[in-house]
Structures are given as C-alpha cells and as structure tokens.
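Work through the exercises below with the sequence and the model at hand. Each task is followed by a solution in steps.

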Protein chains: 2
Amino acid sequence: LNQIVECIPNFSEGRRQDVIEEIVAAMSHVAGAEVLDVQSNVDHNRSVVSIVGEPDAVAEAAFQGVARAAELIDMDHHRGGHPRMGAADVVPFVPVRGISMEGCVKLARRLGERVATELGIPVYLYEAAASRPDRTNLAEVRRGEYEGLKQEIALDPDRVPDFGPAKVGKAGATAIGARPPLIAFNVYLNTTDVAPARAIARGVRYSSGGLRFVKALGLLVDGQAQVSMNLTDYRSTPIHRVLEMVRREAASYGLSVTHCEVVGLLPAEALFDAAQFYLQLAGFSTNQVLENRLIQDE
Amino acid sequence: LNQIVECIPNFSEGRRQDVIEEIVAAMSHVAGAEVLDVQSNVDHNRSVVSIVGEPDAVAEAAFQGVARAAELIDMDHHRGGHPRMGAADVVPFVPVRGISMEGCVKLARRLGERVATELGIPVYLYEAAASRPDRTNLAEVRRGEYEGLKQEIALDPDRVPDFGPAKVGKAGATAIGARPPLIAFNVYLNTTDVAPARAIARGVRYSSGGLRFVKALGLLVDGQAQVSMNLTDYRSTPIHRVLEMVRREAASYGLSVTHCEVVGLLPAEALFDAAQFYLQLAGFSTNQVLENRLIQDE
C-alpha cells in the first residue's frame with residue numbers, strides 16, 4: 001500500500017549540539033523512517049525535526065526521540081523564547097500519502113499511550129487527535145507552559161492528561177497530535193513600504209476575517225514588502241486561492257507580486273492542485289501522474 | 001538511485017485479442033517492470049503499450065515483447081490504417097526520473113543490438129538515439145513501410161539498418177529510440193465554430209511557424225471547438241506557455257478557454273513547472289517536494 005507519514009517532533013533543546021545529535025541519532029536508527037531535516041534555534045532553545053516514512057516506523061522513531069529527550073533534557077533548567085511544556089514538547093503526525101487524517105490520529109493515540117505507559121510522561125492529544133474540543137488548539141493545551149502545568153496538573157481537573165500520570169517530572173508533558181501539512185508561503189510585493197503588506201495580511205488571514213486556514217503577517221525582508229503566511233490546511237484553503245486574493249488586494253494599492261516562495265517542504269499534491277487550477281484541468285486526476293501510477297502499482 | 005524509465009512499444013496487432021494478450025503477458029512477467037496501459041486500435045490494427053520501471057527491467061520487458069510479437073505477427077498479412085514496418089514497430093524509451101536522455105539512448109542502443117543479434121530483426125535507431133541526422137524523424141525511417149522497406153533494404157545503402165541484417169523477414173523491421181515524454185493536451189473554447197480552433201492550432205504549432213515542440217489541430221468535440229495538441233518536449237516548450245499562447249490567440253476572436261484536459265499520463269515535473277510559473281515561485285526546487293525528498297533518500 002505504501003503509506004507515508006511525516007512526524008515533526010519539537011524538542012526543548014536548541015543549544016547543546018551533542019544533546020541534539022543524540023536525540024536525532026536515536027530516531028535515525030529506526031529502519032523505515034528517515035530524518036529529513038533538523039532545525040535548531042538558539043534563541044528559542046528548541047529543535048524541530050522532520051521524520052518521514054512508513055507509519056509504524058515513524059511512530060517508533062518518534063518514541064525513541066521522546067525517550068532520549070526525556071533522559072537528556074531537564075525542564076527545570078530550560079530557558080528559551082518559545083512556549084514549551086516538555087523535553088519532547090509537541091509531536092504532530094501529518095498524512096503524506098496513502099493514509100488518512102484518521103490514520104494519523106490513531107498513530108498519535110497509540111504513541112501517546114506508549115509514551116505515558118513506558119516513560120511515565122503526561123500526554124495531551126491535540127488538533128485532529130484531540131479528545132476534547134478545548135484541546136484542539138495547541139496554545140490552549142500548553143497554557144502556563146512547563147512551570148504553570150507543573151502546579152496546575154494535580155489541582156485542575158480540566159488539565160488531567162489524556163494518558164499518563166497527573167504529575168509533571170523533569171521531562172515535562174508532551175502534546176501529541178495529527179494535523180494537515182503546513183505550507184510556509186510568502187508573497188513579495190513591488191514596494192519598500194511595509195504598510196500595504198500588513199493591510200493585505202490582515203485581509204487574507206483567518207484571525208481578522210480572512211480565509212479559514214491562513215495565518216499571515218506583513219514584513220519587510222531585505223527592504224521589500226512581504227506577506228508572510230502559514231497555510232495550515234492546503235486542501236481546504238489552497239495556495240492558488242490565497243495568492244489570487246493577495247494579488248487582488250495588492251492591485252487595489254497599485255501594487256503587484258514580484259515573486260513568491262515556499263519555505264521548506266510541501267506535498268506534491270499542493271502543487272498539482274495549483275497546476276490543475278491555472279491550467280483549467282477540470283477532469284484531471286492525480287492518477288494521470290506517471291510517478292503516482294508507478295507507486296500505487298508497486 | 002531509483003532510476004525510472006517508460007517504454008511505449010507499438011505492436012502491429014490491434015484486432016486479435018489473444019495475440020495482444022500473449023505479447024503483453026511476455027512483458028508483464030519481467031520483475032521490476034510494470035505494464036501500466038494497453039491501448040488497441042482496431043482501425044489501425046495496432047496496440048500501444050506503456051511499461052514503467054527500472055531501466056534494465058524495462059529493456060528486458062521490451063525485448064520479451066518484441067520477441068513474442070515476432071513469433072505471433074506475420075507482416076505479410078498485416079493491414080491497418082497506421083504506418084508500420086514491423087511486428088514490433090517502434091520502441092521508444094522515455095526518461096521519467098533519475099535518468100538522463102543519454103541514459104535512455106544507451107538503453108535503446110543496447111536493446112537494438114540484442115534484438116538484431118538474438119532475433120535477426122533489422123533495427124533502426126531514431127529520435128535522440130539516431131546514429132544519423134536523417135534517421136531522427138521516425139516518418140523518414142519508416143518511409144515506404146514494411147512493403148517498401150522489404151524491397152529497398154538490400155538495394156539502397158541509405159537504408160542499411162543500424163543493427164542486424166539488411167534483409168526483412170516476416171517480423172519486419174523495428175525502430176528503437178529515445179525521446180522526451182509526450183503530453184496530449186487539449187484546450188476547449190467557448191464556441192461551436194471549428195474555424196477559430198483551426199486558426200489557433202496553425203498559430204501555435206511548429207509546422208506552421210509556432211512553438212518548436214507543439215503539434216496541433218483544430219477539432220470539434222461534442223460540438224465544442226477544441227485545440228488538440230501533442231507537446232513533444234515539455235521541458236523546452238512547457239504546458240503553461242502553450243496554454244497562455246492559445247488563450248491570447250483565442251482572445252483575439254473574442255473567445256475564452258472553458259477548460260483543458262491532459263489525455264493519459266504525464267510526468268509530475270510538467271505539473272510542478274506549471275505550478276512554479278503561475279505561483280511565481282522564482283527560487284523553487286523540486287527538492288522541496290516532500291515525496292521527492294523521500295524517494296531520493298531511499
């Protein structure tokens with residue numbers, strides 16, 4: 001069947017290179033899972049790892065990473081600019097190919113149970129894997145961070161974890177979930193003025209009335225105005241719809257798009273969707289892509 | 001390295017289903033090669049097969065198909081509406097992933113040598129695999145078809161095959177080559193009049209002064225005007241450039257594009273190119289496609 005998932009565990013260590021390497025090594029050793037990318041941020045004191053492969057192998061790799069992080073990171077000594085509540089802070093699963101969101105939810109739940117049972121770490125399920133509506137939003141789950149949760153977990157019934165003890169040790173707590181792939185998409189405008197980029201960002205983003213799965217900011221990058229966006233569900237809010245809306249808003253300021261960029265990885269389907277839209281391929285099926293046929297037939 | 005080629009052998013049998021099945025079976029049995037598609041045309045008395053997989057496996061499958069066709073098809077009794085000169089008439093190799101055109105040329109030459117040596121069939125190399133400029137064009141190689149070649153091969157030094165005897169048996173001769181993937185791309189216009197479709201086809205196609213790797217015809221399909229095209233090298237003449245030219249020509253008649261279609265298969269890269277163009281992704285690399293990363297790392 002050739003199922004592929006991505007898992008992007010975030011660890012609360014972005015400074016001690018040896019610790020980061022040991023955690024990554026624990027995940028790299030799992031056959032069938034591939035560590036594609038490690039990005040460490042010193043200010044955040046945090047590392048974001050991308051693992052891709054077969055579902056069970058990726059879940060095993062994630063478990064090994066969580067276990068090693070729990071041994072090597074003491075949250076009582078962790079300081080950093082990014083909100084966090086655990087040594088392995090968040091572990092999202094993302095469907096890439098041949099697996100549904102529901103399949104990723106099952107993976108997340110199974111991993112959560114294992115992390116709780118074998119490592120004694122409190123686990124909160126979030127986003128598509130959430131067991132309660134108020135845990136869908138990660139920010140809500142992580143409220144108060146490590147220090148706050150440590151106090152509240154035993155006192156506040158609302159903070160009882162989905163798996164594991166209502167008690168926070170030095171490894172903190174871990175949020176495990178499932179979500180669509182996130183696409184970092186930036187649009188550059190032919191102006192050195194940040195004001196229109198900010199106004200356009202307000203227009204297209206969900207939080208101020210725009211498209212449901214768009215987060216956006218207006219920035220100046222090397223002196224050029226940029227609408228910087230995260231597309232959190234490209235199937236429901238596709239790239240082309242976002243770009244065309246930005247383009248239309250920019251035109252109302254007499255501005256145009258000089259170029260765009262995707263930062264990091266994105267699924268092939270997101271580009272197929274854009275090609276299908278602009279080429280007006282009404283009856284197109286991704287089954288017509290040669291490489292897809294080959295993979296399915298294997 | 002994960003190299004993938006496509007081979008699209010054309011056989012001179014489109015009527016006797018049992019014969020077609022035996023030829024396809026001979027190719028299907030080769031491990032590492034996959035028969036994706038078989039299209040038989042009764043009027044042409046011809047079948048077009050698509051095989052995809054690792055280079056050596058695909059070449060082996062092609063050889064098995066050529067060998068079985070030589071046993072089962074007698075060109076002295078073949079009649080059909082499509083030009084042909086052999087039981088296995090043409091065998092093009094197409095690079096799909098991780099292999100260059102030069103790699104496909106080598107495959108074509110090796111297969112040509114083997115078909116000549118083991119089966120005693122005269123082989124002409126064509127398109128990118130051609131040994132002489134006048135054999136690049138398949139129509140030139142196949143001039144006079146089976147019946148004409150049978151007379152000329154021993155008399156005309158220009159018709160000496162690249163491999164094998166200068167003598168045509170009941171299996172005829174086979175053209176073996178390498179070429180880019182061909183994309184069948186049709187554009188529909190909002191009119192029931194075929195005239196503008198024909199004029200647009202003349203404008204965009206190579207043969208009457210248009211884009212180098214475009215063949216085009218204007219047709220009526222279910223009462224709607226269609227510009228029917230074959231894009232013979234999508235890297236040099238990409239889909240989006242063709243569509244935008246058709247769109248511009250149509251606008252000069254006050255017409256617009258209702259929708260488009262790709263008939264059959266196309267490589268993922270052709271759609272990535274279109275997405276990159278319309279999304280203005282100046283610095284984009286296909287290395288940013290999640291699935292590509294995974295495949296390369298395996």
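## Exercise 1: Strand pairing in chain A

A:Glu6 stands opposite A:Val52 in β4(A). The model is a predicted one.

Task: Find which strands of chain A pair with β4(A), and in which sense they run.

Solution.

Step 1. Begin with strand β1 (residues 4-7) of chain A, which is joined to β4(A) by three bridges and runs antiparallel to β4(A).

Step 2. Go on to strand β2 (residues 10-11) of chain A, where two bridges lead to β4(A), again in the antiparallel sense. Here A:Asn10 faces A:Val48 as its opposite residue in β4(A).

Step 3. Take strand β3 (residues 33-41) of chain A, which pairs with β4(A) over eight bridges, antiparallel. One of the pairs to locate is A:Ala33 with its bridge partner A:Gly53 in β4(A).

Step 4. Look at the hairpin of β3(A) and β4(A), which has four residues between the strands. In this hairpin, A:Asn45 has a positive phi near 50 degrees.

Step 5. Check how covered β4 (residues 46-53) of chain A is: seven of its eight residues are buried.

## Exercise 2: The surroundings of A:Ala33

Task: Decide whether A:Ala33 is buried or exposed, and list what A:Ala33 touches.

Solution.

Step 1. Place the residue: A:Ala33 belongs to strand β3 of chain A.

Step 2. Compare its relative accessible area, 9%, with the cut-off for buried, under 20%. A:Ala33 is therefore buried.

Step 3. Leave out residues up to four places away in sequence; A:Ala33 then touches A:Ile51, A:Val52, A:Gly53, A:Ala57, A:Val58 and A:Ala61.

Step 4. For a distance check, use A:Arg84, which is 51 residues from A:Ala33 along the chain. The C-alpha atoms of A:Ala33 and A:Arg84 are separated by 26 Å.

## Exercise 3: A charged residue inside chain B

Task: Find which residue forms a salt bridge with B:Asp89, and say what else B:Asp89 contacts.

Solution.

Step 1. Locate B:Asp89 in strand β5 of chain B. Its relative accessible area is 0%, so B:Asp89 is buried.

Step 2. Identify the partner: the side chains of B:Asp89 and B:Arg46 form a salt bridge, with N to O at 3.0 Å.

Step 3. Place the partner. B:Arg46 lies in strand β4 of chain B, 43 residues from B:Asp89, and the pair links distant parts of the chain. B:Arg46 counts as buried too, at 5% relative accessibility.

Step 4. Look for a backbone partner. A polar atom of the B:Asp89 side chain lies 2.5 Å from the backbone nitrogen of B:Met85.

Step 5. Complete the list of contacts. Beyond four places in sequence, the residues in contact with B:Asp89 include B:Asn10, B:Ser12, B:Arg142 and B:Thr174.

## Exercise 4: Two more salt bridges in chain B

Task: For the salt bridges B:Asp74 with B:Lys170 and B:Glu244 with B:Arg247, work out how far apart the partners are in sequence.

Solution.

Step 1. In the pair B:Asp74 and B:Lys170, the closest N and O atoms are 3.9 Å apart. B:Asp74 sits in the loop between α2 (55-72) and β5 of chain B, and B:Lys170 in the loop between α5 (145-152) and β7 (174-178), so the pair ties together parts 96 residues apart in sequence.

Step 2. B:Asp74 is partly exposed, at 22% relative accessibility.

Step 3. B:Glu244 and B:Arg247 meet at 3.2 Å, N to O. They are three residues apart in helix α7 of chain B and therefore separated by about one helical turn.

Step 4. B:Glu244 is partly exposed at 28%, and B:Arg247 is partly exposed at 26%.

## Exercise 5: The interface

Task: Describe the contact between chain B and chain A by residues, area and polar pairs.

Solution.

Step 1. Count the residues: 43 come from chain B and 42 from chain A.

Step 2. Take the buried area, about 3,900 Å², of which carbon and sulfur atoms give 68%.

Step 3. Search for charged and polar pairs across the interface. There are zero salt bridges, and 16 residue pairs are in polar contact.

Step 4. Find the main contributor on the side of chain B: β11(B) gives the largest share, seven residues.

Step 5. Sort the residues of that side of chain B: 27 are nonpolar, eight polar and eight charged.

Terms used: Residues are numbered from 1 along each chain as its sequence is written. Chains are lettered from A and ligands numbered from 1 in the order in which they are written. This is a predicted model: local features need pLDDT of at least 70, side-chain atom pairs count only at pLDDT 80 or more; totals for chains, interfaces and linings use all residues. Side-chain values use heavy atoms; hydrogens and water are left out. Buried means under 20% relative accessible area, exposed over 50%, partly exposed in between (1.4 Å probe, protein chains only). Two strands pair if DSSP finds at least two bridges between them. Contact means heavy atoms within 4.5 Å. Buried area is the accessible area (1.4 Å probe) that two parts lose on being put together, summed over both. A salt bridge is a side-chain nitrogen of Lys or Arg within 4 Å of a carboxyl oxygen of Asp or Glu. A polar contact is a pair of N or O atoms within 3.5 Å; within protein, one must be able to donate a hydrogen and the other to accept it, and residues adjacent in sequence count only if both atoms are side-chain atoms. Ala, Val, Leu, Ile, Met, Phe, Trp, Tyr, Cys and Pro count as nonpolar, Asp, Glu, Lys and Arg as charged, and the others, Gly among them, as polar.
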